[in-house]
Amino acid sequence: MNNSYSQLPEVFFAEATPEEATSPKVVLLNKGLAESLGLEVEELNPEVLCGNELPEGAAPIAQAYAGHQFGNFTMLGDGRAILLGEQLTPSGDRVDIGLKGSGPTAFSRGGDGLAALGPMLREYIISEAMHALGIPTSRSLSVTLTGNDVHRENILPGAVLVRTASSYLRVGTFQYAAARQVPEDLKELADYAIERHFPDIASQDNSYELLLGNVIERQAALLAKWQLVGFIHGVMNTDNMTISGETIDYGPCAFMDVYDPATVFSSIDVNGRYKYGNQPGIASWNLARFAETLLPLLDENQDEAIQIAEKQLARFGNVFEREWLNGMRAKLGLLDEQPLDEALSKELLLIMKDAQADFTNTFRALTDENVEQPVWFSEDAFCEWKKKWETRRKQQTATIEESYEIMRLSNPSVIPRNHRVEEAIEAAENGDFSVLHKLNQVLASPYSYSEEQVDYTKPTDSSAPYRTYCGT
Ligand code: AMP
Ligand code: MG
């Protein structure tokens, strides 16, 4: 294992020691991921996966960062995560590997640093489902029961998740550096981020501007992908937004069933700050906080620096709209571009909202006429829209087969349905992991439209609103 992050000034981390797990038992191991990382599956024993033993070359640390949490600025840091180091993969990538739920660190602020089994299984299921959907994300290597109790409202079984990401550098890491007001530290962090994620721009005169521009582009593309599958992150604080453009921090996230831009699942998001329809705007706000941290590096003259930052920030909306519209075209089987495509897409969404349509299943039904068609497909508004859509589809040079092919590749048949995730976790908590294994298997091929998926496509029949919780 390698430790390039630890070469940064010491203020960026604190050494950390995982808490002893009394009787570790691995309950989930992602062999495919292990292989792609170049890890020997035999070496991934319970002692290593719970943090009792350290892999060769590991130098465990907790990373320092700050963040705007629901709009309020706070100094933070890994309170229940420990970075073991970086793995250099066979394909030449450098990947962070760390533990979550392995006990307190210098940044725990009175928290116990622990995690219960349920939430760690949840992160595993949803992060791996996101990966299978083709969305940039941190990944989950394993979940290991520690044998220790975790005290929440009840006493729960403790677990450690091993997670990986192309790095855990966050907007909040830059906010931390900027808040400390040591210009050399900020510059070292920015140079490190460039070297790690955008090495091509390192030699450019305006490399810090390009850093900002690249992060904006990746985040705009990521947000478009979230919107196109109905993923609601739930806690888009600046400390949960990466420089790499990957999704991290699977806490109160969930997928939307019924299409409604006002959808919120997180129990603490009472004002709907992070509701589905707000996500792109929040990302843009977070990126403005990122841009502010870079001002000292963008130009000596701060007025000039602000202009550079504003020019880059203005691109977020354009990139997001472009990526979103191209994604919608693919979802509707359109392989070329026409001026009315945006209107056609938005009209469908309006009809879906009125019909209280299931987001995923609407596109699934458009993609495969053999699956059960929603009742509202026979209503006038939809029939009118469908005529326009069919006309539009015929206006392209692509064949109808090609059109259906792109739809199948762009409209998942299955997503991690909330009741399915809960059902799998509950069975696992009672010792039966078969439900979870089956769910993970189905979610691994979301675009396959296979027979075995049909049961997993149904939304819940409960009318009770679904609630999710952070930091549990
Ligand atoms: P999150 O909402 O998961 O992004 O967490 C926000 C902050 O709270 C991060 O700095 C976490 O490390 C910290 N945190 C969450 N849960 C715990 C816990 N059980 N013990 C210590 N710190 C925690
Ligand atoms: Mg976090």
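A residue counts as buried when its relative accessible area is under 20%. Trp-389, at 2% relative accessibility, therefore falls in the buried class. The model is a predicted one, and Trp-389 is a handy place to start looking around it.

Trp-389 belongs to a cluster in which ring pairs also link Trp-376, Phe-377, Phe-382 and Trp-385. Its partner Trp-385 sits four residues away in helix α12 (residues 380–394), which puts about one helical turn between the two. As a general point, an α-helix has 3.6 residues a turn, so residues three or four places apart point the same way. The ring centres of Trp-385 and Trp-389 lie 5.5 Å apart with planes at 20 degrees, and because planes under 30 degrees apart count as stacked, this is a stacked pair. Trp-385 is buried too, with a relative accessible area of 0%.

Elsewhere in the cluster, the arrangement of rings changes. In the whole structure there are 18 aromatic pairs. One of them joins Trp-376 and Phe-382, whose ring centres are 5.3 Å apart and whose planes meet at 85 degrees, so this pair is edge-to-face. Both partners are tucked away: Trp-376 is buried at 8% relative accessibility, and Phe-382 is buried with a relative accessible area of 1%.

Another tryptophan, Trp-285, keeps charged company. The charged end of Arg-289 sits over the ring of Trp-285, 4.4 Å from its centre. The charged end of Arg-273 sits over that ring as well, at 5.0 Å from the centre.

Turning to the backbone, helix α6 covers residues 207–229, 23 residues in total. From first C-alpha to last, α6 reaches 33 Å, close to the 33 Å expected at 1.5 Å a residue. Of its 23 residues, 17 are buried, so α6 is largely enclosed by the rest of the structure. Just past the end of α6 comes Gly-230, with a positive phi of about 75 degrees.

Positive phi values also turn up in residues that are not glycine. Gln-181 has a phi of about 60 degrees and lies in the loop between α4 (171–180) and α5 (183–197). At 67% relative accessibility, Gln-181 counts as exposed. Asp-249 is another non-glycine residue with a positive phi, near 70 degrees, and its place is in the loop between β10 (231–232) and β11 (254–255).

Methods. Residues numbered from 1 in each chain as written. Chains lettered and ligands numbered in written order. Predicted model: local features only at pLDDT ≥ 70, side-chain atom pairs only at ≥ 80, totals over all residues. Heavy atoms only, no water. Phe/Tyr/Trp six-rings, centres within 6.5 Å; stacked < 30°, edge-to-face > 60°. Buried < 20%, exposed > 50% of the residue type's maximum accessible area, 1.4 Å probe, protein only. Lys NZ or Arg CZ within 6 Å of the ring centre and 35° of its normal. Expected span 1.5 Å × (residues − 1).
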